[in-house]
Amino acid sequence: MSYIQDKVVIITGSSSGIGEATAIHLAKKGASVVLAARNEEKLKNLAERINKDGGTASYKVTDVTVKEDVQSLVDFTVDKFGRVDTLINSAGMMLFSMWDNAHVDEWETMIDLNVKGVLYGVAAVLPHMKKQGSGQIINVGSVAGHAIGEGHGVYSSTKYAVRAITESLRKEMSVKYNIQAVLVSPGVIATNWQDTVTDKDVKGVLEGLNEVAIDVEYVAETIGFVVNKPANVMINDVIVTPTAQEW
């Protein structure tokens, strides 16, 4: 039996990477997916691709660092489908840097996107999920939220925050409101994430990671495994990494 079929799923950061792969995977399994990111052209193309392949996809241009944008995304979803079953907070950015170089602007970017973006999504969906008496919030974390490496300082801090947010949600929401909170923590994946790193001193730390990186589809399948559970079964915490990755 599929518990993905006919679920209404919002996926942030769905114009690329984990979000895009997850949208394609869940749509193939019968979910109605609502795509959210800043790049309208990419969202439109992905929605058209999914719908052409027999799935159901809509999109809403959304900057998750803007609270009003996230609220509009959830309102759009509820207006269109009548509910929201699952929120997947996939939008995020990984900008490794050394403390010596004080890339403060990059630190603020990661805090706004990786932490505030998650919080805005949670705040927007909780009233609807509480009213429904069910729901699922899946936060995409990282192994960097479980172990800290050189150059990971602020990025790891944001992912530790996501881990704490998820744990707290689970304790407050699961028993009382039947709302699941799940953390999925990927390791190194092949999404060209290293191209966004500007700190030259951290480049040496990253060498060799792409050699062991796994395809993003494996993370999407892991998220699909979490979604494909009945309301009385919750997968609490999943870490998916390359076999060869040490962390």
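Visitor: What makes Thr 12 part of a strand?
Guide: Thr 12 sits in strand 1, which spans residues 8-12. Strands here are DSSP runs of E with at least two residues, while helices are runs of H or I with at least four, and both are numbered from the N terminus. The model is predicted, so local features need pLDDT of at least 70 and side-chain atom pairs pLDDT 80 or more, while totals for chains, interfaces and linings use all residues. Numbering starts from 1 along each chain as its sequence is written, and side-chain values use heavy atoms, without hydrogens or water.

Visitor: Why is Thr 12 called buried?
Guide: Its relative accessibility is 4%. Buried means under 20% relative accessible area, exposed means over 50%, and partly exposed lies in between, using a 1.4 Å probe and protein chains only. At 4%, Thr 12 therefore counts as buried.

Visitor: Which residues does Thr 12 touch, leaving out those up to four places away in sequence?
Guide: Among them are Gly 19, Ala 36, Val 64, Leu 73 and Ala 91. Contact means heavy atoms within 4.5 Å.

Visitor: What makes the link from Thr 12 to Ala 91 a polar contact?
Guide: The Thr 12 side chain reaches the backbone nitrogen of Ala 91 at 3.1 Å. A polar contact is a pair of N or O atoms within 3.5 Å; within protein, one must be able to donate a hydrogen and the other to accept it, and sequence-adjacent residues count only if both atoms are side-chain atoms. The 3.1 Å distance is within that limit.

Visitor: Where is Asn 114, and is it buried or exposed?
Guide: Asn 114 belongs to helix 4, residues 104-132. With 1% relative accessibility, Asn 114 is buried.

Visitor: Which polar partners does the Asn 114 side chain have?
Guide: One is the backbone nitrogen of Met 93, at 2.8 Å. Another is the side chain of Thr 158, at 3.2 Å. Beyond four places in sequence, Asn 114 is also in contact with Gly 92, Tyr 155, Lys 159 and Val 162, among others.

Visitor: Why is Glu 20 called partly exposed?
Guide: Glu 20, in helix 1 (residues 17-28), has a relative accessible area of 24%. That value falls between the buried and exposed limits, so the label is partly exposed. Residues that Glu 20 touches include Leu 46 and Arg 49.

Visitor: What is unusual to note about the phi of Asp 6?
Guide: Phi of Asp 6 is positive, about 70°, although Asp 6 is not a glycine. Asp 6 lies in the segment before strand 1 and is partly exposed at 48%.

Visitor: Where is Asn 178, and what is its phi?
Guide: Asn 178 is in the loop between helix 5 (153-177) and strand 6 (179-186). Its phi is near 60°, again a positive value in a residue other than glycine. At 29%, Asn 178 is partly exposed.

Visitor: How many helices and strands does the chain have?
Guide: Eight helices and seven strands.

Visitor: Why is the chain called as compact as a globular protein of its length?
Guide: The radius of gyration, taken over C-alpha atoms, is 17 Å, close to the 18 Å from the globule rule for 247 residues, so the description fits. That rule is 2.2 Å times the number of residues to the power 0.38.

Visitor: What share of the residues is buried?
Guide: Buried residues make up 51% of the 247.
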